[in-house]
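The following exercises concern a single protein structure. Please attempt each task before reading its solution.

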Amino acid sequence: MIKRLFLTLSVATFAHCSCAATATIEDVISPTSLVLASASAGARNVATFDGKPVFYCGLKAFTTWATPLVGQRVTSTADAGITVAIDSRDMPLERLLISKGWLQPSELDDDAQAAITEARGGWACASAVTPFELMHTSVDPKVLAGIALNESGLNGRAWPWTLNVAGQGFFFKTRTDAYRAIQSLIAARRCDFDVGLMQVNWCYHSRRFASAWDALRPSTNIRAAEDILNENYSKTRSVAKAIAYYHSANPAPGQAYLARFARHLNQIKSGL
């Protein structure tokens, strides 16, 4: 292995060597490192990606997923970097690793946030609190996770593409599907619905978002929830009331909501 990996070649370097550069994937070492065999010169190089491997499910789970990539021809352009053919179209390999849930980029863009909250790839074995640890700004991520499980819980995880319309919950497969539903509701002049991971109410809080599409973005939705919780705490000077008021300032439903939150928090502390 040491003899084979005699040269380190970054993605950026490979991309700028030649817009027509081609190679074959000889080995996938990790989500951040793979061996490329030159199609013409016979040289072997290591291409690296920035970011962190997502190994919550272990290395074996990743290598099993990556096995079909070995032997695939890749090309490189200055704009797209290293690309591989997926379903007859070229896809940036780094973007594929991020969107499939094996690579955590330094900045959690939309693809990364979707992979994390949908529990794709290596994220499938992360705890329920992990998305909130990565995307929170001011509120304890365990508190956010407990509230999210109250609001959008599905099979032990908070689901990002969730709407509650006049008390009826809907879980959509994709962000686009949820967005289309919101567009239909807005076109019908309705605002009696809650959006996203944290189920932020559109009637009262739409001003907190740049758009309905923006409201579904997990990090933006979490940040809006944090603002609401911080405002509740400023008014009440009580963490318990801040959480209860997130649902309702009416004592009865607020206390029932707080009790559900406490159960979820205990599950999180037990390793959910």
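The exercises below treat a predicted model, and each solution proceeds step by step.

**Exercise 1. Confidence and overall form**

Task: State how confident the predictor is in this model, and describe the protein as a whole.

Solution.
Step 1. The model is predicted, and the mean pLDDT of the protein is 90. A value of 70 or more is reached by 92% of its residues.
Step 2. Residues 1-20 have a pLDDT below 50. In the model this stretch nevertheless has 40 contacts beyond near neighbours in sequence. Where pLDDT is low, predicted coordinates should not be read in detail.
Step 3. The protein contains 12 helices and 15 strands. Its C-alpha atoms fill a box of roughly 75 × 45 × 30 Å along the principal axes.
Step 4. Of its 272 residues, 45% count as buried. The accessible surface comes to about 13,600 Å², and carbon and sulfur atoms account for 52% of that area.
Step 5. Consider the contacts between residues at least 6 apart in sequence: 53% of them join residues at least 24 apart.

**Exercise 2. An open sheet**

Task: Determine the order of the strands in the open sheet of 4 strands, and explain why β13 and β15 each have one side without a neighbour in the sheet.

Solution.
Step 1. The order is β13-β12-β14-β15, with antiparallel pairing.
Step 2. β13 (168-171) and β15 (200-201) stand at the edges; each has a single partner strand, so one side of each lacks a neighbour in the sheet.
Step 3. Strand β12 (residues 162-165) and strand β14 (residues 193-195) run antiparallel and are joined by 3 bridges. Within this pairing, Val165 stands opposite Phe193 in β14.
Step 4. Helix α7 (residues 175-187) packs on the sheet and touches β12 and β14. The direction of α7 makes about 25 degrees with that of β12.

**Exercise 3. A residue within the sheet**

Task: Decide whether Asp194 is buried or exposed, and identify residues that it contacts.

Solution.
Step 1. Asp194 is found in strand β14.
Step 2. The relative accessibility of Asp194 is 18%. The cut-off for a buried residue is under 20%, and Asp194 therefore counts as buried.
Step 3. Apart from neighbours within four places in sequence, Asp194 is in contact with Thr162, Leu163, Asn164, Gln199, Val200 and Asn201.
Step 4. Asp194 and Gly167 are 27 residues apart in sequence, and their C-alpha atoms are 9.0 Å apart in space.

**Exercise 4. Salt bridges**

Task: How many salt bridges does a search of the whole structure find, and which parts of the chain does the pair of Asp109 and Arg95 tie together?

Solution.
Step 1. Side chains of opposite charge can pair when their charged atoms come close. The search finds 9 salt bridges.
Step 2. In the salt bridge between Asp109 and Arg95, the closest N and O atoms are 2.7 Å apart. Asp109 lies in the loop between β9 (103-104) and α4 (110-118), and Arg95 in helix α3 (residues 93-99), so the pair ties together parts that are 14 residues apart in sequence.
Step 3. Asp109 is partly exposed at 26% relative accessibility, and Arg95 is partly exposed at 27%.
Step 4. Arg208 forms a salt bridge with Glu231, with closest N and O atoms 2.7 Å apart. This pair links distant parts of the chain, 23 residues apart: Arg208 is in the loop between α8 (202-205) and α9 (212-216), and Glu231 is in helix α10 (residues 218-236).
Step 5. Arg208 counts as partly exposed at 22% relative accessibility, as does Glu231 at 35%.
Step 6. Arg217 and Asp214 also form a salt bridge, with closest N and O atoms 2.6 Å apart. Arg217 is buried at 18% relative accessibility, and Asp214 is buried at 12%.
Step 7. Arg217 and Asp214 belong to a network of salt bridges that also links Asp110 and Arg175.

**Exercise 5. A residue in a helix**

Task: Describe where Val143 lies and which residues it touches.

Solution.
Step 1. Val143 is located in helix α6 (residues 141-152).
Step 2. With a relative accessible area of 17%, Val143 is buried.
Step 3. Not counting residues up to four places away in sequence, Val143 touches Ile243 and Phe261.
Step 4. Between Val143 and Arg207 there is a separation of 64 residues in sequence and 24 Å in space, C-alpha to C-alpha.

Definitions and conventions:
Residues numbered from 1 in each chain as written. Predicted model: local features only at pLDDT ≥ 70, side-chain atom pairs only at ≥ 80, totals over all residues. Heavy atoms only, no water. pLDDT = per-residue confidence, 0-100. Contact = heavy atoms within 4.5 Å. Pairing = 2+ DSSP bridges. Helix = DSSP H or I, 4+ residues; strand = E, 2+ residues; numbered from the N terminus. Axes fitted to C-alpha atoms, helices over the stretch in contact; angles between N-to-C directions. Salt bridge = Lys/Arg side-chain N within 4 Å of Asp/Glu carboxyl O. Buried < 20%, exposed > 50% of the residue type's maximum accessible area, 1.4 Å probe, protein only. Areas by Shrake-Rupley, 256 points an atom, 1.4 Å probe, with all protein chains shown as cover.
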